[in-house]
Amino acid sequence: MINRDTIQQAGCHQEIVKLDGVSFSFDSQVIMSDVSFKIMERDFVGLIGSNGAGKTTLLRMIVGLNRPQKGSISLFGKPAAQFKDWNQIGYVPQRNHFNPLFPATVREVVLSGLYGRNKMFRRLSKEDVSRSEDALGALKIQDLGDKRIGALSGGQQQRVFLARALINNPKLLILDEPLSGIDVETQQSFFHMIKHMHQRHNITFLMVSHDMDMVRSYLGQEPKEQSGKLSFYVRHSHDLEDCDGTDLLHSLRKEG
Amino acid sequence: MDILTAEFFQRALIGGALIAVTAPLMGLFLVLRRLAMIGDTLAHVSIAGVALGFLIHIYPVAVGLVFAILASFAIEVLRRAYRTYAELSIAIIMSGGIALASLLFTMGKSFKMNVTSYLFGSIYTLNQTDIWVIAGVTIIVLTTVLIHKKELFLLTFDEEAAAVSGLPVKYFNIMLSILTALVISASIKIVGALLVSALLTIPAAIGLTLSRSFKQAVILVVLVGEAAVLAGLWIAGVWNLAPGGTIVLLLIGILIVSITTTRIMRA
């Protein structure tokens, strides 16, 4: 008998991110040296490290904002420099990045998740607008659509940025310290929500955090790999039997 | 009121009305990206260009524009060198511009250059060429912003997210710098180099306090700009006041009123 699991592993679990001997230094200070790691499809990777361990630098390199000085990075099997399908990657930046007085409604921010290279010189379609409504609904913030983003609480803002990242139905979701600066209760419900997404949907997670307890509770006590001051905690999800892509926003909405 | 029907005053109104659209619009992008002082800097450097234009007998506004564009690139370069101290690059280029302008002014003393008209504006001396230049700048700025409104929003709101979604952030930054330089060199004759930044930043400051959405902010800054410029020109014309100063003081008046009303409404 053929093992069904192995077939599935080979058939639909592709390499999402591959770091190969990546080094980076800032001026003369070495931030990381020779980091190698693979993120497979449907993995939930928790990236843990103290301040200055290079967590954010690593994320910035993966999303193409910094280049490694040595080593290589590939995304979805392609060298990062040639990677073009940026809409497959959803990115939730650190929340303290944005200016709280910025005049923008929640709806405008969520829609901006669609403003990538392939939408340049194009107007927004009706479908785009309905996708943004789906994204708002999936994160249960449809009532906040017309509010100014700066007027929301930290936890609500975090949902807005998550909705923006999800609007493209990404394969890889990158979250930079999503739990910082929000109260414990909101942290828990937010983490619960992304765990749920990982279990039920075809999406791979890379989350930077310094909250050991919450990460360990889901990803296990021991890191799968350690490199310098960085630890990679990994949990793979098998729960999803069906490898075909589904529209995340629609299914999230149906689950209510 | 003969002045209101005079040809020079009509030209002033047309030029003012056009600049009142583009200057607040570019200013909104600058303020939101925390580059509010860039307008002031480019204006001062552009004055050096104007002075050079007088010296070598080339259309001064054009030389001013070239200087402003060069300065905006220099600011970008310095901004990268002093990453966390972006305002440092602005201060350096601004003082450099003033220094160069003062040198060129003294060199050009024998040509009887009208310095004050560029420092404080001389909207009544706009000629036909100036109007065409301003109209051209307005068309360029409005079409570019209209074509790229989505991308400019994302770039302004979250430059990193823009880069992650694959937008050519570098080109957009250069584009914004050039558009700003265009608007500033075209506005100098209207409000003067010393006051240009008011026309860029004060409408944006009002927009920030009153608008909930980006769309609202865009509409509001343009409306405020138009109201202040047209009313300012009219008041200045009737009572024979300095037009540039009147416009700026009106803007500050609107700002004070908008801040106090939002305070009262919230309380």
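Q: How many residues does each chain give to the contact?
A: Chain A contributes 27 residues and chain B contributes 23 residues, where two residues are in contact if their C-beta atoms, placed from the backbone, lie within 7 Å. The model is a predicted one, in which local features need pLDDT of at least 70, side-chain atom pairs count only at pLDDT 80 or more, and totals for chains, interfaces and linings use all residues. Residues are numbered from 1 along each chain as its sequence is written, while chains are lettered from A and ligands numbered from 1 in the order in which they are written.

Q: Which elements of chain A give two or more residues to the side that touches chain B?
A: They are strand S6 (89-92) and helix H3 (106-111) of chain A. Helices (H or I, at least four residues) and strands (E, at least two) are DSSP runs, numbered from the N terminus.

Q: And how do the residues on that side of chain A divide?
A: There are 15 nonpolar, seven polar and five charged residues. Ala, Val, Leu, Ile, Met, Phe, Trp, Tyr, Cys and Pro count as nonpolar, Asp, Glu, Lys and Arg as charged, and the others, Gly among them, as polar.

Q: Moving to chain B, at what angle do the axes of helices H3 and H5 cross?
A: The axes of H3 (residues 38-56) and H5 (residues 86-107) of chain B cross at roughly 20 degrees and come within 8 Å. Axes are lines fitted to C-alpha atoms, for helices over the stretch in contact, and angles run from 0 to 180 degrees between N-to-C directions. H3(B) and H5(B) are therefore roughly parallel to each other, a term for angles under 35 degrees.

Q: Which residues meet there?
A: Among them are B:His44, B:Ala48 and B:Leu52 in H3(B), and B:Ile90, B:Gly97 and B:Leu104 in H5(B). The residues of this contact comprise 16 nonpolar, three polar and one charged.

Q: Back to chain A: what is the strand order in the open sheet of six strands?
A: The order is S6-S7-S8-S3-S10-S9, with mixed pairing; two strands pair if DSSP finds at least two bridges between them. S6 and strand S9 (225-227) are the edge strands, each pairing on one side only. From one strand to the next, the twist averages 15 degrees.

Q: Is S8(A) paired in the parallel or the antiparallel sense with S3(A)?
A: S8(A) pairs with S3(A) in the parallel sense, over five bridges, and A:Leu206 is the bridge partner of A:Val45. S7(A) also pairs with S8(A) in the parallel sense over five bridges. By contrast, S3 (residues 43-48) and S10 (residues 230-236) of chain A run antiparallel and are joined by six bridges.

Q: How many residues of S8(A) are buried?
A: Six of the six are buried, so S8(A) is largely enclosed by the rest of the structure. A residue is buried if 20 or more other C-beta atoms, placed from the backbone, lie within 10 Å of its own. A:Thr204, A:Leu206 and A:Val208 are on one side of S8(A), with A:Phe205, A:Met207 and A:Ser209 on the other.

Q: Where does H2(A) lie?
A: H2(A) lies across S3, S7 (172-176), S8 (204-209) and S10 of chain A, running at about 150 degrees to S7(A). Helix H2 (residues 55-62) is mostly covered, with seven of its eight residues buried. A:Gly64, whose phi is positive, near 85 degrees, follows H2(A).

Technical notes: Angles under 35 degrees count as roughly parallel, over 145 as roughly antiparallel, 65 to 115 as roughly perpendicular and the rest as oblique. A residue is buried if 20 or more other C-beta atoms lie within 10 Å of its own, exposed if 12 or fewer, and partly exposed in between; C-beta atoms are placed from the backbone.
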